[in-house]
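Thanks for making room on the agenda; I would like to walk through one model, going from its core to a few loop positions and then to its open space. Please have the sequence and the structure on your screens as I talk.

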Amino acid sequence: MDPIDRSILHLLQKNGKITIKEIAERLLLSTTPIFERVKKLERDGYIKSYKAILDRKKVGLQLMAFCNITLNLHQKDFIKKFEKDIQQFPEVVECYHVAGMFDYLIKIYAQDMEQYQDFLSNKLASLENISKVQSSFVMTEVKDFSYLPIS
């Protein structure tokens, strides 16, 4: 990957709807090599997908929470089962296996505290092998960038 590829990725991260022509104009190149580079970046897996980033509050998801989860048992089968099971819940938008005081960190969106409580009591609590859940609620989003800092 060269500086032109990095510039293309930077532009696409900031605006996934930018056209090949607009990228070419900004990088002072013609459209054909830009098109070929974008296709190669897609084929090589640098570009995973294109999507719209929605305003969660405008679609009714007022509450954002992070949950630290500790498992009882840490054998491979139990870890794989938890990772499979947690994916069934649409409220869980991110899940990370982490090192430290907890085993997993999950990010949850809900309409309100009542919906979150329902998720916690009826869905998350139904999973086997969870020994501890600690929730933190977001009061203010200070920084929310959805793109990578490419140098």
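Leaving aside its neighbours within four places in sequence, which residues is Ile-106 in contact with? Before I answer, some ground rules: this is a predicted model, in which local features need pLDDT of at least 70 and side-chain atom pairs count only at pLDDT 80 or more, while totals for chains, interfaces and linings use all residues. Residues are numbered from 1 along each chain as its sequence is written, and side-chain values use heavy atoms, with hydrogens and water left out.

Taking contact to mean heavy atoms within 4.5 Å, the partners of Ile-106 outside that window are Ala-65, Phe-66, Cys-67, Ile-69, Ile-86, Val-92, Glu-94, Cys-95 and Leu-124. Ile-106 is also listed, with Ile-69, Phe-82, Ile-86, Tyr-116 and Leu-124, among the residues with the most contacts inside the largest nonpolar core, which has 19 residues. By nonpolar core I mean a set of buried Ala, Val, Leu, Ile, Met, Phe, Trp, Tyr and Cys residues joined through side-chain atoms within 4.5 Å, where buried is under 20% relative accessible area, exposed is over 50%, and partly exposed is in between, with a 1.4 Å probe and protein chains only. Strand S1 (63-71), helix H4 (76-86), S3 and H5 each supply at least two residues of this core, and the largest share, five residues, comes from S1. Helices (H or I, at least four residues) and strands (E, at least two) are DSSP runs, numbered from the N terminus. Apart from this core lies another, of 11 residues, including Leu-9, Leu-12, Ala-24 and Val-38.

Staying with strand S1, we find Thr-70 there, and Thr-70 counts as buried because its relative accessible area is 16%. Beyond four places in sequence, Thr-70 is in contact with, among others, Phe-102 and Asn-129, and these two are worth taking in turn.

Phe-102 sits in the loop between S2 and S3 and is buried, at 13% relative accessible area. Its C-alpha atom is separated by 9.3 Å from that of Gln-134, 32 residues apart along the chain, and Gln-134 is also one of its contacts, as are Asn-68, Ile-69, Thr-70 and Lys-132. Gly-100 lies in that loop between S2 and S3 as well, but Gly-100 is exposed, with a relative accessible area of 68%.

Asn-129 belongs to the loop between helix H5 (113-123) and strand S4 (130-137), and its 13% relative accessibility is why it counts as buried. Its phi is near 75°, a positive value in a residue other than glycine, and its side chain reaches the backbone nitrogen of Leu-73 at 2.8 Å. Leu-28, in the loop between helix H2 (20-27) and helix H3 (31-43), likewise has a positive phi, near 60°, yet Leu-28 is exposed at 76%.

Finally, which residues lie nearest the centre of the largest pocket? They are Lys-51, Ala-52, Ile-53, Ser-146 and Tyr-147, out of 34 lining residues. A pocket here is an open set of points on a 1 Å grid over the protein atoms alone, where a 1.4 Å probe fits, with protein on both sides within 12 Å along at least five of seven lines, and lining residues have an atom within 4 Å of a point.

Definitions and conventions. A polar contact is a pair of N or O atoms within 3.5 Å; within protein, one must be able to donate a hydrogen and the other to accept it, and residues adjacent in sequence count only if both atoms are side-chain atoms.
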